[in-house]
Each structure stands twice: as structure tokens, then as C-alpha cells.
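Subject: Structure for your review

Dear colleague,

Please find below the structure that I am handing over to you, together with its sequence. My notes on it follow directly after.

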Amino acid sequence: MAELVRVAVDAMGGDHAPAEIVKGAVEAVNADERVKVFLTGRKEEIEAQLKNHTFDTSRIEVVHAQEVIETAEPPVMAIRKKKDSSIVKALYMVKDGTCDAFVSAGSTGAVLVGGQVIVGKIKGVERAPLAPMIPTENGVALLIDCGANVDARPSHLVQFAKMGSIYMENVVGVPNPRVGIVNIGAEEEKGNALVKETFPLLKNCPEINFIGSVEARDIPMGGADVVVCEAFAGNVILKMYEGVGAVMLKKVKAGLMTSLRTKIGAWLVKPALKQTMKGFSTEEYGGAPLLGLNGLVVKTHGSSKAVEIRNSILQCVTFKEQRIADKIREKITLEN
């Protein structure tokens, strides 16, 4: 049997914790025999949820943590003071090698701060970016950064491009991924000061397949495989993506229910429509990895249900097997 990939999961984080978190963990271990999950949080609550499921009991362990870091708490203070929280305990399990990865739907700020302070950045990595998969017409793209560094410098964006290329090639299987920088036009001279300064650096970087600027409207069309930007723009793109997707789905459903004819048509197209819409659901791609750390930290949506938790856990298997952290370390070390 292959070596188990050990994933610490914050059972208390998110809008639907612990029920959906536990359910997702169970689905993950039932789907892949290479996974072992350590659920961190209040033991009694977690075990009460586990009783509702059937699974290999040797591949799910509960690690008691009494405290919970709430979303509204100041992240730095929470990480320092709440040592017995589900997030902090799980992060230390990654730091000391007990686990290979950490998954949380809890406080984004606490996960980002804890990932960098406790797990630690790879030597030479200037900033650790948050990089979610987003659906496109041709498959998926990696949006990097979407929330960790709102005041990035050009050198940060160049490293984001390199790390994103490694991730897309090795985890997603996209050969020689196309890298584009988010801009307000295709021309090289357009953009704000950050984009103008970063563009030539990316253009002259032999380690990536830089294709130039990518406008927001081109991202859903698959204009680039790695979409590079600072976190403010990235977060706006991500939230707009999610909002438009939700509205479109709601409108389509409402339109199909307007008359008997449309209801019959809806019944006929339902299987194909369901499959198509599934491809544009962000929950199908798991969470967003915080790249550039000594271990894998994955942040999922606060509203995550079991399917996203399961997929976030399963993506950790590929991350470990493809040695993503090692490959990033090797590339950054060569630079220095």
C-alpha cells in the first residue's frame, strides 16, 4: 500500500462546521485509500458527527482543540493567543511533520497568518500567494494572488508566476502553462505602475511561458492558464466570478420554469445542463493553496459544503505526490 497522505482538517471552521466538514472528510477517506485525516476541534462535537457515517476508523483521528478562532477576530492576535484552537493545532501538526497538509474553511486571515508564521515560508520566497482554481471555457486557470498580498511588488508577482506555473504543470497537468498578467488592455504600455513595472520582468523571464496582458473578460474564455495579479484585483475577480455564476444559474432555472413548454424542455436538457454547470462550480476544484510554504495549507470557502472539503483534501494527495513544495524550493534556491 502507498504511503498515506496525512491531512489535518479544521473541523470547527466555516459556516457549516462541524457537520459538513466531517462529512467531507469521511467522503475523502472513502474515495481514496491513500488519505488519512486528522480532524482538529472539539472532540465531543466531532465524534457526534462521525457516528452518522461509515468509514475506515484507522484513517480518521480526532485531535481535541477546545478553542475556535472566529472570522471577525484579529488574525495575528488570535494566532498568538488561541494556542488551543483548531487552526493553530492543525498548523503545528504540519510544521512538526505529523501531517503533510492542512485544510480549513475557517478564518481566512488566521489561516494566512498562521500558515506563514507557523508553517513558514520556503527560504527565498518573498510572499506566499493564495491561488484558487477558477473554471474557464477550456478547463481551469490558476488565479494568483487572490487574497494574501494586497500591496505586492513586481518581484512578488514574478515569483507568483513561477510558483503558479509549477502548480499548473504538475498538479493540473497543463504542459508549459500560459502566464498572463491582469491588465486593463492588451497593449504593453497600459496598466497601473505595478503592472507596467512587472510586465518587462515577466516578458524577460525564461522560466515561464509569458503571453502578455490578459483582460478580465478574457479570463473565463481561457485566455491564460496562470492569471497573475496582486491580491486586491484577484479577490475582486474571484468574488465577481462567484457572484455572476450564482446569478446566471438562478436566472437559467427561473427561465426554465416559466411555462409548460419550458418545463418539458428543462426535463429534456437537465442531464446535459447539470453536467455543464458542474464544470463552472468552484467547489469542484477544491480550495486555494497558499503556495511557497514549507508544507501545504489550503483555504476553502467559508460556506463550503462536504463536496468542497472532500475535493480540498483529495488535492493534497497530488500536491504531495508531485512534490510541489520541493519543486518550488528548488526553483527559488536556484534564483538565489
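I begin with one histidine: leaving aside neighbours within four places in sequence, His156 is in contact with Glu126 and Arg127. This residue belongs to helix α6, which covers residues 154-172. His156 is buried, its relative accessible area being 1%. Please bear in mind throughout that this is a predicted model.

Overall architecture

The protein contains 11 helices and 11 strands. For its 336 residues, a compact globule would be expected to have a radius of gyration near 20 Å, and the value for the protein, 20 Å, agrees with this. The C-alpha trace spans about 65 × 60 × 40 Å along the principal axes. Of the 336 residues, 49% count as buried. The exposed surface comes to about 15800 Å², with carbon and sulfur atoms supplying 55% of it. When contacts between residues at least 6 apart in sequence are considered, 71% join residues at least 24 apart. As for charge, there are 41 positive and 40 negative charges, and their mean positions are 3 Å apart.

The six-stranded sheet

An open sheet is built from six strands in the order β3-β2-β1-β4-β11-β10, and its pairing is mixed. Its edge strands are β3 (60-64) and β10 (288-289), each of which pairs on one side only. Strand β4, made up of residues 101-104, pairs with β11 in the parallel sense over four bridges. One bridge can be located by residue: Ala101 has Leu296 in β11 as its partner.

Val298 is a useful place from which to inspect this region. The residue is found in strand β11, residues 296-299, and is buried, with a relative accessible area of 0%. Which residues does Val298 contact, once neighbours within four places in sequence are set aside? They are Phe102, Val103, Ser104, Gly287, Ala288, Pro289, Ser312, Gln315 and Cys316. In addition, the C-alpha atoms of Val298 and Leu112 are separated by 9.5 Å, although the two residues are 186 residues apart along the chain.

The β5-β6 hairpin

Strand β5 (residues 133-136) and strand β6 (residues 139-144) run antiparallel and are joined by four bridges. The hairpin connecting β5 to β6 passes through two residues. Within this pair, Ile134 stands opposite Ala141 in β6. In a regular strand, side chains alternate between the two faces of the sheet. In β5 both faces are covered: Met133 and Pro135 lie on one side, Ile134 and Thr136 on the other, and all of these are buried.

Helix α4

How many of the 10 residues of helix α4 are buried? Seven of them are, so the helix, which covers residues 86-95, is largely enclosed by the rest of the structure. The buried residues are Ser86, Ile87, Val88, Ala90, Leu91, Met93 and Val94. After α4 comes Gly97, which has a positive phi, near 90°.

In going through the model, you may wish to start from His156 in α6, then turn to Val298 in β11, and finally to the hairpin that joins β5 to β6.

With kind regards

Notes. Residues are numbered from 1 along each chain as its sequence is written. This is a predicted model: local features need pLDDT of at least 70, side-chain atom pairs count only at pLDDT 80 or more; totals for chains, interfaces and linings use all residues. Side-chain values use heavy atoms; hydrogens and water are left out. The radius of gyration is taken over C-alpha atoms; the globule rule is 2.2 Å times the number of residues to the power 0.38. Buried means under 20% relative accessible area, exposed over 50%, partly exposed in between (1.4 Å probe, protein chains only). Contact means heavy atoms within 4.5 Å. Accessible areas come from the Shrake-Rupley method with a 1.4 Å probe; for residues, only the protein chains shown count as cover. Lys and Arg count as positive and Asp and Glu as negative; His and the chain ends are not counted. The place of a charge is taken as NZ of Lys, CZ of Arg, CG of Asp or CD of Glu. Two strands pair if DSSP finds at least two bridges between them.
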